[in-house]
Amino acid sequence: MQSRTPAPRATGRPRSAAADAAILGATREALVELGWSRLTLADVAVRAGVAKTTIYRRWAGKNELVVDAVAELFDELELPDCGTLAADIEGVVLQYAAILARPEAKSGLMSVVAESIHDDALRERIRSSIVERQKRLVLEGRARAEARGELPPESDPGEAARTVDLIFDMVAGTVVHRTLVSAQPADEEWVRGFARVLLLGLSGGQNPAGSV
């Protein structure tokens with residue numbers, strides 16, 4: 001779920017991690033300076049100090065490259081172990097908001113989402129490379145809360161999967177709307193209130209352990 005899917009390539013010299021990092025970093029830099037419409041693979045190649053063919057050996061085109069460049073930012077997210085589910089949620093949401101505040105994340109995410117309205121393949125790339133990869137945080141948090149006795153285990157796999165989807169959509173959608181659409185700060189006070197509301201939903205309206 002967490003692996004990237006660049007364009008297929010012939011066997012030969014192993015890929016250079018340094019070249020990959022340079023290309024993805026150059027893509028984010030170009031997005032900030034040029035925006036989606038003016039970004040070209042030729043410009044990215046110059047910024048990264050590689051040949052354009054090097055990019056095409058790794059990614060099929062601009063869409064795939066930009067999504068992977070944005071996805072790499074969200075791979076920095078980690079679920080902290082703060083002792084309670086409420087504190088864990090607050091910690092990861094603050095990280096998420098901090099990443100969205102970065103110009104390369106803001107311009108990159110808004111660009112690919114806007115472009116995907118008219119591109120089903122790009123929308124699927126976003127889903128698999130960003131959304132599905134980051135659901136690991138919900139799975140990890142849920143398992144940890146169950147082990148602490150903060151949440152009851154879900155015996156039905158189908159229902160458990162739907163719950164994961166719902167939690168992810170609530171967290172990701174709310175924070176993106178708050179920071180990128182409403183342009184309001186997701187500060188500690190706001191995050192604490194959001195975590196409290198989310199936890200009330202997870203606990204069926206009863207105060208879960210560790211919440212305020």
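Ser 111 sits in helix 6 of what is a predicted model. At 16% relative accessibility, Ser 111 falls on the buried side of the 20% cut-off. Setting aside residues up to four places away in sequence, the contacts of Ser 111 are Leu 31 and Trp 36. Both of these partners turn up again among the buried residues of helix 1, and helix 6 (103-116) is in turn one of the elements covering that buried set.

Helix 1 itself runs over residues 17-38, and it is not a straight rod. With 22 residues at 1.5 Å a residue, a straight version would span 32 Å, yet the end C-alpha atoms of helix 1 are only 26 Å apart. What interrupts the run of helix 1? There is a kink of about 85°, and Val 32 is at its centre. The buried residues of helix 1 include Ala 19, Asp 20, Ile 23 and Leu 24, and the list goes on as far as Leu 34, Gly 35 and Trp 36. Their cover comes from several directions along the sequence: helix 2 (41-48), helix 3 (52-58), helix 4 (62-74), helix 6 and helix 7 (120-148) are among the contributors.

Not everything buried in helix 1 is greasy, going by the names on the list: Asp 20, Thr 27 and Arg 28 are there too. Is Arg 28 buried or exposed? Its relative accessibility is 14%, so Arg 28 counts as buried. Beyond four places in sequence, Arg 28 touches Ala 69, Glu 72, Leu 73 and Glu 104.Helix 8 makes a handy counterpart. This helix covers residues 157-181, and its 25 residues reach 34 Å from first C-alpha to last, close to the 36 Å expected at 1.5 Å a residue. At the N-terminal end, helix 8 is capped by Asp 156, with a side-chain oxygen 2.9 Å from the backbone nitrogen of Gly 158. Buried positions along helix 8 are Thr 163, Val 164, Ile 167, Phe 168, Val 171, Ala 172, Val 175, Thr 179 and Leu 180. As for the spacing of such positions, an α-helix has 3.6 residues a turn, so residues three or four places apart point the same way. The cover over the buried residues of helix 8 includes helix 5 (85-100), helix 6, helix 7 and helix 9 (188-202). Helix 6 and helix 7 are thus named in the cover of helix 1 and in that of helix 8.

After helix 8 comes Ala 183, in the loop that leads on to helix 9. The phi of Ala 183 is near 55°, a positive value in a residue other than glycine. Ala 183 has 59% relative accessibility and therefore counts as exposed.

Next, the aromatic side chains. How many aromatic pairs does a search of the whole structure find? The search comes back with 2. In one of them, the ring centres of Phe 74 and Tyr 96 are 5.9 Å apart and the planes meet at 65°, so the arrangement is edge-to-face. Because Phe 74 belongs to helix 4 and Tyr 96 to helix 5, this pair ties together parts that are 22 residues apart in sequence. Phe 74 is buried, at a relative accessible area of 3%, and Tyr 96 counts as buried as well, at 11%. The other pair is formed by Trp 190 and Phe 194, with ring centres 5.5 Å apart and planes at 5°, so this one is stacked. Trp 190 and Phe 194 both belong to helix 9, where they are 4 residues apart, or about one turn of the helix. Phe 194 is buried, with a relative accessible area of 11%.

Zooming out, the chain has 9 helices and 0 strands, so its pattern along the sequence reads α-α-α-α-α-α-α-α-α. Of the 212 residues, 41% count as buried. Contacts with a sequence separation of 6 or more are mostly long-range, in that 67% of them link residues 24 or more positions apart.

Finally, a word on confidence. Mean pLDDT for the chain is 88, and 88% of the residues reach 70 or more. Where does pLDDT stay under 50? One such stretch is residues 1-5, for which the model has 12 contacts beyond four places in sequence. Another is residues 8-12, with 3 contacts of that kind.

Methods
Residues numbered from 1 in each chain as written. Predicted model: local features only at pLDDT ≥ 70, side-chain atom pairs only at ≥ 80, totals over all residues. Heavy atoms only, no water. Helix = DSSP H or I, 4+ residues; strand = E, 2+ residues; numbered from the N terminus. Buried < 20%, exposed > 50% of the residue type's maximum accessible area, 1.4 Å probe, protein only. Contact = heavy atoms within 4.5 Å. Expected span 1.5 Å × (residues − 1). Bend = angle between axes of the 7 residues up to and from the residue. Polar contact = N/O pair within 3.5 Å; in protein donor to acceptor, adjacent residues only side chain to side chain. pLDDT = per-residue confidence, 0-100. Phe/Tyr/Trp six-rings, centres within 6.5 Å; stacked < 30°, edge-to-face > 60°.
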